[in-house]
Amino acid sequence: MKEWLRNRLRGIFPPLLTLFLLLAVWEAGARLVKVEAWLLPAPSRIAASLVESWELLLRHTGPTLTEAALGFGLGIGVALLLAVGIELFPWLRRGVYPLLITSQTVPVIAVAPLLILWFGYGLLPKVLIVALVTFFPVVVSTVDGLRSADPDMVRLLKSMGAGEWRVFRMVRFPHALPSFFSGMKIAATYGILGAVIAEWLGASEGLGVFLICSQNSFAADRVFVAIAAITFWSLILFGLVQVLARWAAPWAYIHNEEDRRGEKEG
């Protein structure tokens with residue numbers, strides 16, 4: 001446990017130091033050049049604005065987190081079911097998978113107005129937009145993980161009389177878990193952003209509304225506060241997925257840590 005904590009701290013320290021230096025340069029530059037606060041506020045001004053607008057920010061954060069959580073769960077669930085179907089039914093892979101890849105050429109921001117038109121300005125279209133944003137990386141990474149299972153293990157189980165479902169349950173699905181969670185990590189970085197984009201198209205509250213109102217008021221400090229909040233919650237969601245991945249597929253992380261330890265010793 002101590003070694004794991006030491007490794008984590010060793011990994012976190014360099015980016016934190018870099019961030020601190022960038023903020024210090026930003027603060028010094030803003031003070032020396034005397035840039036107008038509405039154009040580029042200093043980090044100290046952004047921090048003060050965060051304190052001043054704390055209650056308002058919290059009020060707008062709740063709806064965004066609700067939309068992101070529901071959309072993320074829906075997108076992940078549908079992606080997992082479709083990936084399993086594509087693996088188990090070859091006709092589904094031939095008929096649906098190419099269309100799934102092609103569908104990503106259509107930007108979600110172009111489809112979002114249709115969802116607003118069909119379902120109104122309530123919670124449902126925003127959840128669907130987040131689901132669309134988070135769906136694709138999960139289904140693609142899971143399909144790739146399922147198809148890259150160890151062929152020798154598959155042949156061994158089949159030679160022992162195991163059917164497709166048992167092979168899937170005992171070999172393909174466990175093997176695909178690291179890929180599944182890799183897709184979830186990518187989707188986690190999009191979840192909050194998807195909710196914010198959905199709120200731009202029509203909402204009365206949320207971080208997207210907070211961001212647009214700050215922009216229209218030329219309150220650059222509050223714009224940076226909104227950006228910081230979006231980044232923070234995206235990292236929290238990413239961290240939760242990371243914890244879940246370690247719990248559900250610990251063998252993948254143990255193997256990686258052993259490889260790193262061997263490289264250092266070598």
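## An all-helical predicted chain

Across this predicted model, the chain has a mean pLDDT of 84, with 91% of its residues reaching 70 or more. Confidence varies from element to element: helix α3 (residues 54-88) has the highest mean pLDDT of the chain's elements, at 92, while helix α11 (residues 250-265) has the lowest, at 57. Where pLDDT is low, the predicted coordinates should not be read in detail. Please keep that in mind when you look at helix α11, with its mean pLDDT of 57.

### The overall picture

If you trace the chain from one end to the other, you will meet eleven helices and zero strands. Written as a pattern along the sequence, that gives α-α-α-α-α-α-α-α-α-α-α. The C-alpha trace spans about 75 × 60 × 30 Å along its principal axes. Of the 266 residues in the chain, 36% are buried.

### How helices meet

Two helix pairs are worth a look, and α8 takes part in each of them. Start with helix α6 (residues 123-147) and helix α8 (residues 164-200), whose axes come within 6 Å and cross at roughly 155°. Angles over 145 degrees count as roughly antiparallel, so α6 is roughly antiparallel to α8. The contact between α6 and α8 has 16 nonpolar, nine polar and three charged residues. As for handedness, α6 passes α8 in a right-handed crossing.

Now turn to helix α7 (residues 151-159). The axes of α7 and α8 come within 10 Å, and they cross at roughly 140°. This angle makes α7 oblique to α8, because it does not exceed the 145 degrees above which helices count as roughly antiparallel. Here too the crossing is described by its hand: α7 passes α8 in a right-handed crossing.

### Residues in loops

Which loop holds Tyr-121? Tyr-121 sits between α5 (108-119) and α6. Its relative accessibility is 59%, so Tyr-121 counts as exposed. Along the chain, Tyr-121 and Gly-202 are 81 residues apart, yet their C-alpha atoms are separated by 6.0 Å.

Phe-218 belongs to another loop, the one between α9 (207-216) and α10 (220-248). Its backbone deserves a glance: Phe-218 has a positive phi of about 55°, although it is not a glycine. Is the residue buried or exposed, given a relative accessible area of 59%? Phe-218 is exposed, because 59% lies over the 50% cut-off.

### Residues in helices

Helix α9 offers two residues to compare with those loop positions. Gly-208 lies in helix α9 and is buried, with a relative accessible area of 0%. Ser-214 also lies in helix α9, and at 5% relative accessibility Ser-214 counts as buried. The cut-off that matters for both is 20%, since residues under that value count as buried.

In helix α3 you will find Thr-66. With a relative accessible area of 38%, Thr-66 is partly exposed, because partly exposed residues fall between the 20% and 50% cut-offs.

How do these three residues relate in space to residues elsewhere in the chain? The table sets sequence separation beside C-alpha distance for each pair.

| Residue pair | Separation along the chain | C-alpha to C-alpha distance |
|---|---|---|
| Gly-208 and Gln-242 | 34 residues | 26 Å |
| Ser-214 and Thr-134 | 80 residues | 27 Å |
| Thr-66 and Ala-42 | 24 residues | 31 Å |

### An aromatic pair

Finally, the side chains. The chain has five aromatic pairs. One of them joins Phe-232 and Trp-233 in an edge-to-face arrangement, 5.0 Å centre to centre and with 75° between the planes. The label follows from the angle, because planes over 60 degrees apart count as edge-to-face. How accessible are the two partners? Phe-232 counts as partly exposed at 45% relative accessibility, and Trp-233 is partly exposed with a relative accessible area of 26%.

Key:
Residues are numbered from 1 along each chain as its sequence is written. Side-chain values use heavy atoms; hydrogens and water are left out. Rings of Phe, Tyr and Trp (its six-membered ring) pair if their centres lie within 6.5 Å; planes under 30 degrees apart count as stacked, over 60 as edge-to-face and the rest as tilted. Buried means under 20% relative accessible area, exposed over 50%, partly exposed in between (1.4 Å probe, protein chains only). pLDDT is the predictor's confidence in each residue, from 0 to 100. Helices (H or I, at least four residues) and strands (E, at least two) are DSSP runs, numbered from the N terminus. Axes are lines fitted to C-alpha atoms, for helices over the stretch in contact, and angles run from 0 to 180 degrees between N-to-C directions. Angles under 35 degrees count as roughly parallel, over 145 as roughly antiparallel, 65 to 115 as roughly perpendicular and the rest as oblique. A crossing is left-handed if the near helix is turned anticlockwise from the far one by less than a right angle, and right-handed if clockwise. Ala, Val, Leu, Ile, Met, Phe, Trp, Tyr, Cys and Pro count as nonpolar, Asp, Glu, Lys and Arg as charged, and the others, Gly among them, as polar.
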